[in-house]
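Please open the model in a viewer and keep the sequence panel visible. The stops below are arranged so that each selection can be made in turn.

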Amino acid sequence: MNARALLVLLFCAVASVSLAQGFAGLGGDAKGYSVPERGTVLTFPADHGSHPQFRIEWWYVTANLKGEDGRDYGVQWTLFRSAMAPREGEGWTSPQIWMGNAALTTPDAHYSAERLARGGIGEAGVAAEPFTAFIDEWRLAAPDAAGLDRLDMAAGGKDFRYDLQLEATGPLVLHGDRGYSVKSESGQASYYYSQPSYRVSGTLKFPGRDMAVTGQAWLDREWSSQPLAADQKGWDWFSLHFETGEKLMGFRLRHTGGRNFVSGTWIAADGTATPLTPNALKLTPQATAQVAGRKVPVLWRVELPAQQLDVTVKAVNDAAWVAGRFPYWEGPVRVTGSKPGQGYLEMTGYE
Amino acid sequence: MMVASFSALLSHWRRHPFQLAMLLLGLCLATALWSGVQAINTEARASYDRAGALIGQDRFDTLTERDGGEIDQETYIALRRAGWRVSPVVEGNWRVEGQRLRLIGIEPVSMPADGTAAGLAGAGALVDFITPPGFVQVAPSVLETLRGVDTPPLRVSADLLPGMAIADIGIAQRLLGKQGRVSRLILLPEQPMGVPALSEVAPSLVLHKPQAGGDISRLTDSFHLNLTAFGFLAFMVGLFIVYSTVGLAFEQRRPTFRTLRSLGLSTRLLMALTLAEITGFALVAGVIGLGLGYFVAAALMPGVAGTLNALYGAAVEGSLAFRPQWVLSGLAIALGGALLSAAESLWQLSRLPLLAPAQPRAWAQASRRVLLLQSVAAVALLVGAAALALSGAGLLAGFAVLAGLLLGAALLWPGLLFAFVSLAGRWAMRPMAQWFWADTRQQVPGLSLAVMALLIAFAANVGVSTMVASFRATFTGWLDQRLAAELYVTARSEAEARDVALWLKPKVDALLPIVNADAELAGQPGQVYGVADHPTYRDHWPLLQARPDVWDRVKAGEGILVNEQLFRRNHMALGDRLSLPGSTALPIAGVYSDYGNPTGQVMIGLDLFDRLFPAAQHLRFGVRALPDAVPALIEGLESQFGLGSMQVTDQAAIKRRSLAIFEQTFAVTAALNILTLGTAGIALFASMTTLSGMRLPQLAPVWAMGARRGTLARLELIRTLLLVVATLVLAIPVGIALAWVLLAIVNVEAFGWRLPLRLFPLDWLRLAGFAVVASLVSVAFPLLRLARITPSDLLKVFANER
């Protein structure tokens with residue numbers, strides 16, 4: 001997801017400005033940083049861990065859940081790593097900065113929280129084996145050494161918490177060319193893989209009440225060093241679970257002037273992944289909602305003729321606004337049409 | 001009618017410009033000194049607030065270690081990993097090239113968005129700030145002084161106070177030698193749901209509420225109270241001038257008032273006009289006084305800032321900012337002072353009988369009854385002050401004793417003078433001498449205010465200079481005792497300290513380790529020092545009270561030494577027990593003097609220290625060696641270990657620095673002292689000059705009987721000198737009493753130490769010189785007039801029946 005690279009870069013610039021009033025001037029070029037190369041073979045579990053020589057990296061989980069009360073809930077757990085220099089350092093000398101985003105969406109409410117931490121001092125970080133990603137008390141960690149197959153996931157803010165157990169029912173999916181994912185005509189790329197098939201159970205905590213939930217989750221892992229092109233102003237990103245067991249990852253990068261770069265991966269029920277040819281996927285906004293003072297498309301038509309896919313994607317809660325230092329829309333969606341299902345939608349750059 | 005009346009009233013000042021000048025001068029000086037001191041205090045307090053705001057102390061809750069020590073960085077991580085949203089701050093004194101900077105290490109990523117008041121804008125990239133070598137932000141003035149010194153990169157922030165520096169926590173920990181340590185944690189306002197209790201995660205931490213100014217303002221309160229007292233003293237002396245001038249002008253204008261009333265001007269309107277007049281004067285003088293006060297404050301401010309920094313480690317801006325509320329309070333005090341001084345006259349005006357004759361002489365001759373009443377009040381004040389000195393406690397009681405002593409002595413003085421002059425008159429045989437004493441006696445009431453002001457100023461001068469000189473004599477003696485080692489070495493790491501010790505050992509008489517740790521002592525932050533058992537301490541350490549076996553007990557870890565501040569503040573006695581962190585309470589075996597340090601201090605045996613504070617770093621030691629060997633040692637340490645002047649200090653350098661700090665501490669006091677004395681001189685001048693104008697009716701008959709004008713002038717001079725010198729003679733015992741109160745009561749409360757009183761008669765001689773000059777100056781003008789007065793003017797006294 002090159003799209004999210006923008007998020008991270010913006011997070012650094014925006015966060016440091018608001019944090020310390022003017023630590024702007026973050027180096028914009030990739031000098032000294034490693035760059036993704038085609039043909040590199042991803043090795044696990046080592047690549048579950050962090051890659052400090054790359055500028056940006058994230059561990060990103062979204063979950064569609066159903067509560068005991070029969071209602072739909074959505075959960076997001078994200079850990080971003082941003083390197084201000086392409087190295088790791090001892091203690092406070094580490095140039096790595098970590099940011100966590102957690103959100104909990106119900107049909108009529110949306111809660112989100114944000115965490116920031118320095119690397120090197122044990123406040124935030126990721127270990128490959130046994131897999132552990134954490135920032136403060138938020139955790140995404142394997143209880144055993146079985147890669148990413150089983151994960152405990154917990155996070156919370158001033159008015160919500162969640163404690164979930166994730167269990168994979170399928171294999172890891174490598175996007176693009178064996179994990180080398182090209183994002184634009186100008187050749188920008190990232191390493192990108194997912195675990196789209198988690199079965200989830202656990203508890204959501206609200207002030208004064210708990211809610212037992214079950215459902216599905218999707219984990220994204222991506223790292224890169226290249227900033228986005230100057231004319232890219234935002235993106236729309238989908239991760240959809242169909243009732244057939246098939247899954248779709250698709251995104252649309254919006255360029256100024258109306259041109260879009262659309263791509264994605266079709267995942268068969270057995271986990272076999274097929275990269276989509278450019279512009280095979282058609283993403284069409286159908287209706288917008290007024291969210292946090294902006295117009296955001298919350299109703300979409302998604303078409304992939306090659307898979308007889310023609311569905312309508314609708315937000316569970318239009319107001320799924322992640323209000324942090326860099327605000328964006330991220331929330332659960334319902335899928336109706338040729339292949340019904342559910343999933344997650346992320347949208348940025350709507351002013 | 002109103003305009004005409006007002007101009008008639010004002011015409012008095014046209015005819016008496018000198019009186020007007022005195023009135024304005026008195027008000028000006030009173031306002032200037034008072035508002036100057038206020039400006040200094042306000043500026044210093046604003047600096048404390050800024051220092052507190054810099055690290056969010058004024059807006060956020062903070063967590064600190066219960067025993068006042070430092071927090072382990074692991075505790076910070078544990079809190080974060082438990083969900084507590086906190087941001088770490090490390091703080092300490094960063095010594096660089098003989099300068100001491102308060103270095104604050106912040107963590108910009110977890111710091112609340114508005115956590116630092118210091119605008120770090122334009123500081124550069126976050127990456128440059130947090131990764132080595134990082135950079136340190138300092139005030140522009142500090143940057144100048146550190147030019148060319150080996151420090152991390154420096155950047156200027158105009159928002160920082162001089163004496164303060166900001167760096168990333170990682171950089172600051174390294175510069176302060178506090179790796180892995182955190183001074184306090186800032187608690188963010190918003191905490192997540194269901195966070196475990198503090199007592200579960202970090203039981204040794206305590207929560208503090210936001211507090212403007214922080215701890216520093218509590219420590220420096222006494223210093224500011226001191227300044228305020230001086231400002232008030234000067235204000236009172238200034239008001240004496242105003243009071244006597246207004247009173248005299250009122251008497252002289254009685255005919256005018258009478259005429260105006262006869263012409264139909266109502267009492268109410270007359271009152272209003274007089275009130276308007278004094279208000280106008282007050283405003284004019286207030287504005288000028290404010291300007292002067294600003295000048296005084298700006299001149300004194302660098303000294304005050306230096307003192308506060310040296311004494312309390314408080315970073316204070318050395319320059320003065322202009323504050324509107326200060327202007328308002330200054331004008332208010334000018335107006336209030338003027339109205340207070342004029343109150344009596346206004347009251348008399350309101351009850352003025354239409355046909356009462358003008359009585360300037362009668363006004364000048366306050367009756368014996370008034371003097372008697374005044375003397376009774378004075379005795380009551382003195383008795384009260386004595387009682388308070390014996391029984392009272394606290395700084396306020398100390399100042400009340402001072403006020404009672406000064407005011408009592410001042411009020412008593414005219415009565416004493418009157419009695420003395422009456423007595424002298426009885427012994428006088430020759431007619432001229434008899435006239436001299438009689439004339440002096442009847443002048444005493446008129447001069448009473450001036451001599452009272454003079455007495456207060458003299459006594460304050462004697463008192464303060466005795467206090468300062470006693471302090472200095474004690475302090476230098478104490479420095480010799482305390483700084484017994486010839487050389488003090490601070491290594492940069494424990495490994496280096498070991499190497500340096502090995503290298504030094506064969507070359508010197510003894511190496512005395514100096515280790516210390518921060519700890520809470522009797523509920524206040526303080527320090528604990530570990531001391532080796534060595535004759536250096538046994539023979540030299542400045543003990544005030546001690547058990548006979550004090551050093552054996554300290555060595556065995558069975559007793560502790562406390563500094564005088566801690567001992568007095570907590571009303572301890574030898575044998576009382578004091579608890580140290582991580583230990584059972586130990587008995588106090590001795591008390592030592594520890595001047596120039598505001599906080600409590602405890603000394604314990606080295607073994608006990610290492611048991612209680614295993615984490616303390618052993619970096620410093622004192623070196624005993626032959627004085628001749630010292631230069632070679634300094635050179636060797638430099639060439640062998642690269643230890644420069646920052647790490648190696650010889651005894652002489654420390655003494656020099658300590659004395660410089662001392663001088664600075666009292667520079668402000670001395671300056672205010674001189675200003676008060678100057679004001680008193682002007683009060684004398686004003687009284688002498690105004691009274692001389694009214695003395696012709698007394699002098700003319702004597703002249704007519706054959707006394708020459710020159711003789712009369714000489715007698716006037718002798719009289720003035722007599723008055724001034726007599727005042728000085730009384731002022732000296734009063735001043736000594738004052739010094740005793742300052743040393744034994746005020747200093748103990750303000751600084752925590754008590755000093756022996758020593759007398760310095762040479763200072764009194766200097767003061768006498770000033771007094772003679774002041775009296776010569778103050779009579780010069782009237783005498784000149786008297787010597788040159790034309791006989792026709794003297795004759796007019798007989799012709800003019802008023």
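What percentage of the 802 residues in chain B do buried residues make up? They make up 44%, where a residue counts as buried if 20 or more other C-beta atoms, placed from the backbone, lie within 10 Å of its own, as exposed if 12 or fewer do, and as partly exposed in between. This is a predicted model, in which local features need pLDDT of at least 70 and side-chain atom pairs count only at pLDDT 80 or more, while totals for chains, interfaces and linings use all residues. Residues are numbered from 1 along each chain as its sequence is written, with chains lettered from A and ligands numbered from 1 in the order in which they are written.

**Both chains**

Select chain A, which has one helix and 23 strands; helices (H or I, at least four residues) and strands (E, at least two) are DSSP runs numbered from the N terminus. Of its 351 residues, 53% are buried. Chain B has 26 helices and 20 strands. Among contacts in chain B between residues at least 6 apart in sequence, 82% join residues at least 24 apart; the corresponding value for chain A is 56%. A contact requires C-beta atoms, placed from the backbone, within 7 Å.

**Confidence**

Colour by pLDDT, the predictor's confidence in each residue from 0 to 100. Chain B averages 80, and 88% of the residues score at least 70. Among the elements of chain B, helix 3 (residues 73-81) has the highest mean, 93, and helix 12 (residues 360-364) the lowest, 53. Next select residues 117-124 of chain B, where pLDDT stays under 50. Where pLDDT is low, the predicted coordinates should not be read in detail. For the complex, the predictor gives an ipTM of 0.88 and a pTM of 0.61.

**The open sheet of chain B**

Display the eight strands that form an open sheet of mixed pairing in the order 6-5-7-4-3-9-1-10 in chain B; two strands pair if DSSP finds at least two bridges between them. Strand 6 (154-156) and strand 10 (205-208) of chain B are the edges, each pairing on one side only. Strand 5 (residues 136-138) and strand 7 (residues 164-168) of chain B are antiparallel over two bridges, with B:Q137 opposite B:I166. Add helix 6 (residues 169-176) of chain B, which lies across strand 3 (86-96), strand 4 (99-106) and strand 7, at about 145 degrees to strand 4 of chain B. Such angles run from 0 to 180 degrees between N-to-C directions of lines fitted to C-alpha atoms, for helices over the stretch in contact.

**A buried strand**

Move to strand 18 (residues 600-605) of chain B, in which six of its six residues are buried. Strand 13 (residues 524-531) of chain B pairs with strand 18 in the parallel sense over six bridges, and B:G526 has B:G600 as its bridge partner. Strand 15 (residues 560-563) of chain B pairs with strand 18 in the antiparallel sense over two bridges; here B:L561 is matched with B:M603.

**Nonpolar cores**

Finally, select B:L455 and B:I456, the residues with the most contacts inside the largest nonpolar core, which has 127 residues. Such a core is a set of buried Ala, Val, Leu, Ile, Met, Phe, Trp, Tyr and Cys residues joined through C-beta atoms within 7 Å. Helix 15 (residues 431-482) of chain B contributes the largest share, 21 residues. A second, separate core of 98 residues includes A:W58 and A:F326.

Definitions and conventions
Two residues are in contact if their C-beta atoms, placed from the backbone, lie within 7 Å.
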